[in-house]
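Here are some notes for a colleague who is opening this entry for the first time. Please keep the sequence and the structure in view while reading the numbered points.

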Amino acid sequence: MSIPAVRGFHDALPEAARVLGRIERIAAQVLERHGFSEVRLPIVERTELFARSIGETTDIVEKEMYTFPDRDGTLLTLRPEGTAPLARAFVEHHLDQRDQVSRLYYVGPMFRHERPQKGRLRQFHQVGAELIGREDPLADAETLVCLVDVLEAVGVPEPRLLVGSLGDEACRPAYRDELRAFGEARSERLCGNCRRRLDKNPLRILDCKEEGCREATADAPALVDRLCAACGEHFAQVRALLDAQGIAWELDRRLVRGLDYYVRTTFEVTAAGLGAQGAIGAGGRYDGLLAQIGGPATSGIGFALGVERLRIALEAADPGLEQRLSAEASPTVFVMPIGAAAEVDALRIARRLRAEGVRVELGGGRSVKSQMRRADKLGAARVLLIGDEELAARRATLRDMREKADQRLAVDMDLEGAALVAAVGEAR
RNA sequence: GUGGGUGUAGCUCAGCUGGCAGAGCACCGGAUUGUGGCUCCGGGGGUCGAGGGUUCAAUCCCCUUCACUCACCCCA
């Protein structure tokens with residue numbers, strides 16, 4: 001291989017890109033329907049934005065960021081997630097002055113320097129939606145409903161929605177201390193990793209997949225049982241709203257998120273077929289984030305979906321999806337010039353058909369046989385053949401590729417618009 | 001960052017205990033001069049991931065390295 005792509009940075013060739021594009025398009029449609037507007041934000045931000053918002057001690061900031069100095073020495077980072085940049089733009093442009101409530105979404109690449117594996121790339125794409133300016137439970141419920149709507153429209157089979165609450169500054173610190181004490185009391189049963197976590201981020205021991213740790217923490221106190229009155233009430237209302245809508249969700253008593261800015265409601269969606277990476281989307285409430293980066297004391301909640309992971313989930317459940325979408329992209333008409341003299345008319349007719357919305361592939365160059373093979377391979381429904389005979393008569397030969405008999409119908413080469421489409425399309 | 005698996009044609013892979021590198025599919029051309037699919041015939045294509053070592057001889061054995069992949073960690 002000459003110059004390979006960078007590790008973890010994948011090319012999406014037409015077949016894959018079609019599926020990815022469809023996912024993004026459908027998601028965007030649903031979000032627009034929910035009142036969200038798209039924003040396009042930079043891929044590069046100052047490193048301090050992520051350090052301050054995501055949290056200095058999170059895995060993302062500690063070891064997963066693509067960080068490099070700009071020419072003047074400013075530390076820049078390829079965005080590892082979308083919420084912090086959006087919050088930055090929100091603050092920078094004083095969007096809170098424009099409207100009490102903002103609903104914004106984005107689609108684009110994110111970068112994390114992790115070891116690649118199934119469903120995990122160093123450059124991947126997310127569709128994210130953020131509802132800023134509302135702190136009432138209805139906003140949480142509405143965001144979750146939106147997430148469910150997107151998943152349904154995209155066609156994710158049997159998603160599992162896990163919802164939990166992380167409490168806030170009023171109740172989490174006390175719980176953290178309690179959990180640390182709980183863990184230290186039985187630290188001999190925890191794995192080395194978890195022992196280390198006890199000090200820095202005790203909540204993580206709940207997330208460990210080690211059998212021993214799971215057993216040791218099975219009866220650990222749960223944050224959802226230690227919420228302060230305000231958080232407890234908020235969560236109860238969110239749950240009630242979800243239930244009233246018949247949304248299928250599961251309480252995750254030990255849901256932990258890898259970003260420090262989350263408070264109260266957090267959630268995660270998983271789907272089958274993703275190997276060890278089950279999550280296709282996640283999100284939560286981040287009431288302190290905007291103030292933390294120098295903005296107004298405005299609350300927000302949002303989610304992000306992993307586009308590549310959605311694709312894996314979709315294709316795991318429907319292996320024929322890629323092929324079907326490719327077939328749909330086949331040209332309807334293959335315009336085939338035979339000889340240089342026919343090229344002018346072939347190109348013109350192709351343009352006329354396309355102007356009417358017909359998918360047209362223009363052939364050319366090679367023998368009739370090889371052009372026919374190509375038309376067949378592309379899945380063209382009809383071939384419009386233009387050679388010397390046709391030029392002389394000003395009538396192109398039309399062949400329906402589904403017919404086996406060698407029938408030949410003539411199409412007036414000087415037709416335009418709907419008449420041309422009718423002549424080509426109605427011939428059988 | 002750690003561990004396992006795998007690197008042979010564009011793709012999927014075969015190649016027994018070292019002895020000149022193969023198949024299927026794909027691609028290109030032909031089988032009536034301007035008509036596809038099925039069939040038949042032919043063709044182009046390979047530094048056997050890279051570097052080093054052992055050997056008369058290495059795709060095969062040894063070392064190193066790189067890549068891909070799965071898993072851990074963590075996450076979309």
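The points below take up the sheet, the surface near the RNA, the spaces in the protein and two further strands.

1. The model is predicted, and every value in this note should be read as computed from that model. A convenient place to begin is the open sheet, which has eight strands in the order β1-β5-β6-β11-β10-β9-β7-β8 and whose pairing is mixed. At its edges stand β1 (37–38) and β8 (250–251), each of which has a single partner strand, so one side of each is left without a neighbour in the sheet.

2. Within that order, strand β6 (residues 123–132) deserves attention, since eight of its ten residues are buried, so the strand is largely enclosed by the rest of the structure. On one side it pairs with strand β5 (residues 102–111), the two running antiparallel and being joined by ten bridges. Strand β11 (residues 300–306) is also a partner of β6, again in the antiparallel sense, and here the pairing extends over seven bridges.

3. A reader who wishes to follow these pairings residue by residue can start from Glu-130 of β6, which is the bridge partner of Leu-104. Glu-130 also has a bridge partner in β11, namely Gly-302, and the path from Leu-104 through Glu-130 to Gly-302 can therefore be traced across the sheet, as strands pair through backbone hydrogen bonds.

4. Further along the sheet, strand β9 (residues 263–270) and β10 run antiparallel and are joined by six bridges. Val-269 stands opposite Gly-281 of β10. Gly-281 returns in the context of the RNA, for one of its backbone N or O atoms lies 3.1 Å from a sugar or linking oxygen of RNA strand B.

5. Which elements give two or more residues to the surface near RNA strand B? They are α3 (59–63), β6, α8 (192–200), β10 (279–285), α15 (368–378), α16 (388–393) and β15 (395–400). The element that gives the most is α15, with seven residues.

6. Taken as a whole, the surroundings of RNA strand B comprise 52 residues, of which Arg-115, Arg-120, Arg-197, Arg-204 and Leu-385 are the closest. Of the atoms of the RNA strand that come within 4 Å of the protein, sugar and phosphate account for 51%. Sorted by class, the residues of this surface are twelve nonpolar, 13 polar and 27 charged.

7. Two side chains illustrate how different parts of the RNA are approached. In Arg-7, a polar side-chain atom lies 2.8 Å from a phosphate oxygen of RNA strand B. In Arg-120, an N or O atom of the side chain is 2.2 Å from a base nitrogen of RNA strand B.

8. The second largest pocket holds about 370 Å³ of space. It is lined by 17 residues, and those closest to its centre are His-10, Leu-20, Leu-121, Glu-308 and Arg-311. Helix α1 (14–33), strand β6 and helix α12 (307–317) each supply at least two residues of this lining, and α12 gives the most, with four residues. By class, the lining has seven nonpolar, five polar and five charged residues.

9. How many cavities of 30 Å³ or more are there? The count comes to one, and the largest cavity has about 50 Å³ of space. Its lining includes Gly-164, Ser-165, Tyr-175, Asp-252 and Arg-253, and the residues of the lining divide into five nonpolar, two polar and three charged.

10. Strand β12 (residues 333–337) has five of its five residues buried, so it is largely enclosed by the rest of the structure. In a regular strand the side chains alternate between the two faces of the sheet. Both faces of β12 are covered, with Val-333, Val-335 and Pro-337 buried on one side and Phe-334 and Met-336 buried on the other. Strand β13 (residues 360–362) pairs with β12 in the parallel sense over three bridges, and Leu-362 of β13 is the bridge partner of Val-335.

11. Finally, Val-411 lies in strand β16 (residues 409–412), and it is buried, with a relative accessible area of 2%. Its C-alpha atom is separated by 63 Å from that of Ile-60, a residue 351 positions away along the chain.

Technical notes. Residues numbered from 1 in each chain as written. Chains lettered and ligands numbered in written order. Predicted model: local features only at pLDDT ≥ 70, side-chain atom pairs only at ≥ 80, totals over all residues. Heavy atoms only, no water. Buried < 20%, exposed > 50% of the residue type's maximum accessible area, 1.4 Å probe, protein only. Pairing = 2+ DSSP bridges. Near = heavy atom within 4 Å. Polar contact = N/O pair within 3.5 Å; in protein donor to acceptor, adjacent residues only side chain to side chain. Nonpolar A, V, L, I, M, F, W, Y, C, P; charged D, E, K, R; others polar. 1 Å grid on protein atoms, 1.4 Å probe; cavity = no way out; pocket = protein on both sides within 12 Å on 5 of 7 lines; lining within 4 Å. Points joined across faces, edges and corners; volume = space filled by probe spheres on them.
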